[in-house]
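Me: I would like a close look at one part of this model, the place where the ligands are bound. Please go through the surroundings of each ligand in turn.

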Amino acid sequence: MGIVDKNDLTPNSLKHIAIIMDGNGRWASKRSMSRLKGHEQGAKAVREAIKGCRELCIPFLTLFAFSSENWKRPDEEVNHLMGLFRYFIKRELNELKAAGVKINFIGNISMLPDDVQELIETARLQTEGNTDLVLTIALSYGGQAEIVNSAKKLAEMVLSGEMALDDINETSLAAGLETDGIPDPDIVLRTSGEKRLSNFLLWQSAYSELIFQDVLWPDFRRENLEIAIEEYYSRCRRYGAVSA
Ligand code: IPE
Ligand code: IPE
Ligand code: MG
């Protein structure tokens, strides 16, 4: 996509936070509420995360909102989530646009209801000139499928003679991912105490710092973001080499 030239950014700075927003259901269960209420409260935490990243001048934020496996949930929950995505985009678009946020989506968007697909396209088009914060929303997203799709594109090019087999490498495979143009996440943060990636950014997180917080997503506030950032700066990223 070529949104921002990765090389323009200082190598050690924190450029990209990716968040697995987990724990909406448990937040609701603890209060004897339906899981749907948990998702509604979760939408408020999304606003906090976006605002926090803008204020802290972090140029890329990626939010895992719905996985390719979340289609397995009961119809009522899936429909409610689709309604929330609809409501969220409609309600927030103007403000995000004015705030300089570029809204981007990854995932199998064709699985979503037609009107949600249209809203996504509108949000994408209306904010494409913005550069302050690139907000990527992963919807119906699965990291394994994303890698398979990139591999298929490369295989087709090799079969048609456009590309040599030896040109399949880390760079060409990454270029076929939906995140092309976005730097790999420096932090992958998961809330709710679960310690797994659940098919999120599998290729891109090869050298991400993984941070797990016990907070349930609806309770996530700017303070949690700041704690994660502090933890990130206390880590030593070696990329397989030895420390200086
Ligand atoms: C995350 O919260 C939101 C989505 C996956 C859409 P969950 O709904 O997974 O909440 P828990 O994990 O059941 O508490
Ligand atoms: C991952 O959470 C997906 C999102 C947060 C959108 P899940 O709640 O679906 O993950 P599992 O099932 O606990 O691994
Ligand atoms: Mg969950």
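To start with, how far does a backbone N or O atom of Arg26 lie from an oxygen atom of ligand 1?

Reply: This is a predicted model. In it, a backbone N or O atom of Arg26 lies 2.7 Å from an oxygen atom of ligand 1. Gly25 also makes a polar contact through its backbone, where an N or O atom is 2.9 Å from an oxygen atom of ligand 1. Arg73 uses its side chain instead: one of its polar atoms is 2.7 Å from an oxygen atom of ligand 1. Taken on its own, ligand 1 has 380 Å² of accessible area, and the protein covers 87% of that area.

The shell around ligand 1 includes a run formed by Met21, Asp22, Gly23, Asn24, Gly25 and Arg26. The other residues of this shell are Arg35, His39, Ala65, Asn70, Arg73 and Leu81. By type, the shell holds three nonpolar, five polar and four charged residues. Helix α1, residues 24-30, and helix α2, residues 35-55, each supply at least two residues. The largest share comes from α1, which gives three residues. Ligand 1 sits in the largest pocket.

Ligand 2 occupies the largest pocket as well. Its shell includes Ile20, Met21 and Asp22, together with Phe64, Ala65 and Phe66. Asn70, Arg73, Arg190, Arg196 and Ser198 complete the set. Strand β2, residues 60-67, contributes the most here, with three residues. Five residues of this shell are nonpolar, two are polar and four are charged.

Side chains supply several polar contacts to ligand 2. Asn70 has a side-chain N or O atom 2.9 Å from an oxygen atom of ligand 2. For Asp22, the distance from a polar side-chain atom to an oxygen atom of ligand 2 is 3.2 Å. Arg190 likewise places a polar side-chain atom 3.2 Å from an oxygen atom of ligand 2. The protein covers 77% of the 390 Å² of accessible area that ligand 2 has on its own.

Some residues belong to both shells. Met21, Asp22, Ala65, Asn70 and Arg73 are found around ligand 1 and again around ligand 2. Among them, Arg73 has the side-chain contact to ligand 1 described above, while Asp22 and Asn70 have side-chain contacts to ligand 2.

Key
Residues numbered from 1 in each chain as written. Chains lettered and ligands numbered in written order. Predicted model: local features only at pLDDT ≥ 70, side-chain atom pairs only at ≥ 80, totals over all residues. Heavy atoms only, no water. Near = heavy atom within 4 Å. Polar contact = N/O pair within 3.5 Å; in protein donor to acceptor, adjacent residues only side chain to side chain. Areas by Shrake-Rupley, 256 points an atom, 1.4 Å probe, with all protein chains shown as cover. 1 Å grid on protein atoms, 1.4 Å probe; cavity = no way out; pocket = protein on both sides within 12 Å on 5 of 7 lines; lining within 4 Å. Sits in = over half its atoms within 2 Å of the grid points. Helix = DSSP H or I, 4+ residues; strand = E, 2+ residues; numbered from the N terminus. Nonpolar A, V, L, I, M, F, W, Y, C, P; charged D, E, K, R; others polar.
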